[in-house]
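Colleague: I should be grateful for a close look at one part of this chain, namely a pair of packed helices, and for an account of how that part sits within the rest.

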Amino acid sequence: MNDNIKLFDDIETFLTEGRMSAAFRVLDNAVAAYPELTRYAAEVDRLRQGYGYMTTYALQGLPDPGLGDAHSELAEGVRSLVDAMCRTIRVKDAPTLYFNTLRYEQMSASDQLTTLLDEYRKVTQRLSLAALAENPEHAVREFTDRTEQLEKRLFNRVWTAYPLTAPEVSALADAMSDRSLPQYFKALMTGAVTLGLMEMYDERRMLLLMDMYASDDADVSVRALCGLLVAMWLYRHRAMSARLRNRLAAIKDMPSWTRDVRMATMQFVRSRDTERITRKFNDEVMPEMMKLRPEIEKLKDMPVDPDAIEENPEWAEMLEKSGVGDRLRELQELQEDGADVMMATFGKLKTFSFFNDIANWFMPFHPSHSQIAVGDEPELNALIEVIGSAPMFCDNDKYSIALSLSQIPAAQRDMMLSQLRMQSEQLDAVRMAGAGGRTPGREELATNYVRNLYRFFKLFRRKGEFTDPFAVGLNIPAIPALEAEFDDADTLMVIAEFYFRRGYYADALDVFRRLSSMTAPTAAICQKMGYCEQSLGNIGAALRHYEQADMLDSTSRWTIRRLAWCHRMLGHWQQALDCYRRLAEERPDDVGLALNIGLSLVKLRRYDEALQYLFKAEFLGSGNEKATRALAWCTLLDGDYDRCVKYTATLLAAASPRPNDYINAGHLSLLTGHPGEAADHYAEAIKAMDGDIDRFMRILGEDRGTITAFGQVDPHLTAIVTDKAIESSRTAQP
């Protein structure tokens with residue numbers, strides 16, 4: 001529910017738990033509390049009566065195969081009624097753009113959707129004949145202005161209408177099939193239907209998007225599919241009615257459906273990386289480019305020749321030395337992989353007044369739009385034409401470029417035109433070779449629309465008022481109604497690998513689980529599932545996956561290392577020791593393995609064995625500090641204080657001893673009967689911890705068993721030494 005009305009806070013819990021009677025009590029209380037909700041009393045009674053009939057029949061114990069569907073639909077009826085009630089309460093004074101627009105539309109109630117559509121048809125017809133008028137320029141300007149006004153009104157009307165009535169759905173369906181209306185207008189209406197559905201659940205909108213998907217117009221079809229997938233994700237926990245399920249089953253029979261769903265899903269998957277790429281560009285590439293500005297200034301008087309710049313070895317050397325070259329190549333590789341690298345560039349070009357109007361974020365790019373039309377300027381017209389056909393830009397970015405043209409010097413416009421033409425021709429050649437024509441393919445249309453949606457939810461001036469589906473990522477394969485569309489292991493593997501490589505471990509794990517249930521488990525998938533669990537902090541689950549991977553491939557050193565790490569984290573020191581010994585069979589002189597074996601043996605209190613491996617680590621590592629530290633600890637635990645003194649002194653003489661080195665030195669002093677030295681060492685430890693006494697006391701508490709077990713230190717003496725150390729550290733602070 002998109003509301004903050006506390007009266008309804010518990011209703012979803014009641015519905016989930018099947019406590020329908022409690023849900024009806026909430027509805028009764030709402031009707032009693034708000035006079036404007038009185039009109040819903042009859043609907044509450046109707047739903048309650050239906051539930052009563054259902055309950056009476058069910059309690060008789062008679063078979064009823066439709067009971068589940070009936071119960072779910074009744075619960076959905078309650079949810080829809082709650083949505084309507086919340087909307088009615090908020091429409092009076094809610095300050096959001098949605099309710100501001102809704103209030104305006106309610107003031108213009110005479111402008112029904114059907115009448116607005118009729119007027120739009122007439123105006124577009126007159127616009128098409130404007131060239132024949134006595135004053136063509138004036139006529140075109142007049143009808144263009146009226147057309148665009150109506151487009152905004154229709155967008156707002158469709159966006160805020162709730163629920164869509166049967167006549168409104170019929171009128172929109174007629175408009176979608178009307179060949180006299182502009183194609184961009186139909187695509188715009190698809191966006192309005194989607195945005196309204198995201199605001200409030202509306203079954204008729206879902207059905208309308210399904211019908212739009214079946215459209216012959218590829219752009220409308222793809223936009224409807226993307227909107228439908230977003231809605232199915234947002235409302236995945238709501239039960240579908242029989243009517244919705246039947247309509248969905250019908251479009252699933254379309255030959256293109258499964259392919260389209262998988263294709264559109266990949267565009268949503270790739271959008272997950274946009275924020276990271278934008279941050280990389282802004283935080284790494286741009287600062288480095290700004291550092292090069294003095295060098296670039298020296299070349300400012302050179303003639304502007306893109307080919308010369310590209311081939312200039314001074315520029316290449318400058319970029320390579322700065323590290324910008326590597327970052328730019330990485331961004332180029334990401335772009336070739338379908339990543340959205342344009343957000344970083346064009347995200348800052350959304351401050352034009354054009355983008356203050358919500359409808360314009362969903363408007364397909366068309367050069368005839370009044371805010372970018374340039375009249376009798378052939379060069380600008382040519383540039384806008386090229387921008388419109390450039391497949392690397394989404395509609396929002398095309399408008400950003402077109403709106404910026406007036407601020408760009410003529411020489412740079414010429415260079416831009418040349419570069420855009422070259423890139424467009426190259427991409428067109430690839431597209432024609434692969435698809436047999438220049439018409440944008442469905443994948444390109446989906447990429448364009450997903451990027452439009454992403455920019456709206458991230459950059460619109462009032463974006464905080466909208467539910468951002470990209471905030472946590474749309475995991476389309478997790479939608480229950482679309483399980484069959486992702487029964488292809490190859491598709492799931494591509495999605496899972498993308499999530500895994502980018503660090504979206506929760507989503508990657510979910511897809512890997514589906515993969516493992518569909519195919520025979522492999523060591524690689526088990527390894528990756530283990531790594532996902534490990535990255536999410538689920539060490540026990542990670543261990544189980546690593547063990548399975550080890551069973552499938554016992555030769556993988558990577559798996560054995562991960563097993564050892566998990567066992568260490570879980571305190572399974574014998575199992576960790578076994579793993580390290582397996583690794584050491586192939587690399588007996590590995591310093592790290594000798595050290596880890598020694599530390600594991602220390603944990604198992606097998607000090608004599610531990611010392612053998614720690615001495616080995618010290619010898620192989622030529623004074624390895626980790627080995628020295630481990631030896632100091634092991635000899636302390638073993639009661640070999642003479643050796644412990646030697647290793648502890650070495651650590652304290654290092655450039656920067658660790659706090660634990662001072663603490664262990666304090667333990668040693670206590671155990672050897674030098675409490676004054678112990679207090680000094682403890683004080684040094686506190687200073688090394690920047691005065692964090694709580695941290696010091698926590699470590700001391702963990703070690704208390706150690707310092708009392710071997711030397712029978714009087715706990716009262718320990719308390720005095722500790723107190724002295726704390727006071728000394730405070731005195732020493734500036």
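Modeller: The answer below begins with the chain as a whole, turns to the helix pair, and then follows the surroundings outwards.

The model is a predicted one. Its secondary structure consists of 37 helices and zero strands. The chain has 734 residues, and 48% of them count as buried. About 36,000 Å² of the chain is exposed, and carbon and sulfur atoms supply 52% of that area. Taking contacts between residues at least 6 apart in sequence, 66% join residues at least 24 apart.

The part in question is the pair α9 and α11. Two packed helices are described by the angle between their axes and the distance between the axes. Here α9 covers residues 183-199 and α11 covers residues 218-234; their axes come within 9 Å and cross at roughly 5 degrees. Angles under 35 degrees count as roughly parallel, and therefore α9 is roughly parallel to α11. On the side of α9, the contact is made by Gln-183, Lys-186, Ala-187, Thr-190, Thr-194, Leu-197 and Met-198. On the side of α11, the residues are Asp-219, Val-220, Arg-223, Ala-224, Gly-227, Val-230, Ala-231 and Leu-234. Sorted by class, this contact has eight nonpolar, four polar and three charged residues.

What lies around this pair? In soluble globular proteins, nonpolar side chains tend to be buried together. The largest nonpolar core of this chain has 153 residues, and α11 gives the most to this core, with 11 residues. The members that touch the most other members are Phe-8, Leu-27, Val-78, Met-85, Phe-155, Ile-358 and Phe-362. Phe-362 leads back to the helix pair, since its contacts beyond four places in sequence include Arg-223, a residue that α11 also contributes to its contact with α9. The other residues that Phe-362 touches are Phe-155, Leu-188, Gly-191, Leu-195, Tyr-449, Leu-453 and Phe-456. A second, separate core has 33 residues, among them Leu-543, Cys-579, Tyr-580 and Tyr-607.

Two buried residues come next. Asp-260 lies in helix α13, which covers residues 257-271. Its relative accessibility is 2%, so Asp-260 counts as buried. Apart from residues up to four places away in sequence, Asp-260 touches Tyr-213, Leu-225 and Arg-442. Thr-274 belongs to helix α14, residues 274-291, and is buried because its relative accessible area is 1%. Beyond its neighbours within four places in sequence, Thr-274 is in contact with Asp-340, Met-343 and Tyr-454. Thr-274 and Tyr-454 are 180 residues apart along the chain, yet their C-alpha atoms are separated by 8.9 Å.

The later helices offer further examples. Tyr-682 is part of helix α35, residues 675-688, and has a relative accessible area of 0%, so it is buried. From Tyr-682 to Ser-728 there are 46 residues in sequence, while the distance in space is 9.3 Å, C-alpha to C-alpha. Ser-729 lies in helix α37, residues 715-732, and is buried with a relative accessible area of 1%. Leaving aside neighbours within four places in sequence, Ser-729 is in contact with Ala-683, Ile-686 and Lys-687. Ser-729 and Gly-691 are 38 residues apart in sequence, and 7.2 Å separates them in space, C-alpha to C-alpha.

Finally, some backbone details in the loops deserve attention. Most residues other than glycine have a negative phi, and most peptide bonds are trans. The peptide bond from Tyr-162 to Pro-163 is cis, with omega near -20 degrees. Pro-163 is in the loop between α7 (136-160) and α8 (166-177). Arg-605, although not a glycine, has a positive phi of about 60 degrees. Arg-605 is found in the loop between α30 (591-603) and α31 (607-620), and its 67% relative accessibility means that it counts as exposed. Asp-690, also not a glycine, has a positive phi of about 60 degrees. Asp-690 lies in the loop between α35 and α36 (693-709), and counts as exposed because its relative accessibility is 74%.

Methods:
Residues are numbered from 1 along each chain as its sequence is written. This is a predicted model: local features need pLDDT of at least 70, side-chain atom pairs count only at pLDDT 80 or more; totals for chains, interfaces and linings use all residues. Side-chain values use heavy atoms; hydrogens and water are left out. Axes are lines fitted to C-alpha atoms, for helices over the stretch in contact, and angles run from 0 to 180 degrees between N-to-C directions. Helices (H or I, at least four residues) and strands (E, at least two) are DSSP runs, numbered from the N terminus. Angles under 35 degrees count as roughly parallel, over 145 as roughly antiparallel, 65 to 115 as roughly perpendicular and the rest as oblique. Contact means heavy atoms within 4.5 Å. Ala, Val, Leu, Ile, Met, Phe, Trp, Tyr, Cys and Pro count as nonpolar, Asp, Glu, Lys and Arg as charged, and the others, Gly among them, as polar. Buried means under 20% relative accessible area, exposed over 50%, partly exposed in between (1.4 Å probe, protein chains only). Accessible areas come from the Shrake-Rupley method with a 1.4 Å probe; for residues, only the protein chains shown count as cover. A nonpolar core is a set of buried Ala, Val, Leu, Ile, Met, Phe, Trp, Tyr and Cys residues joined through side-chain atoms within 4.5 Å.
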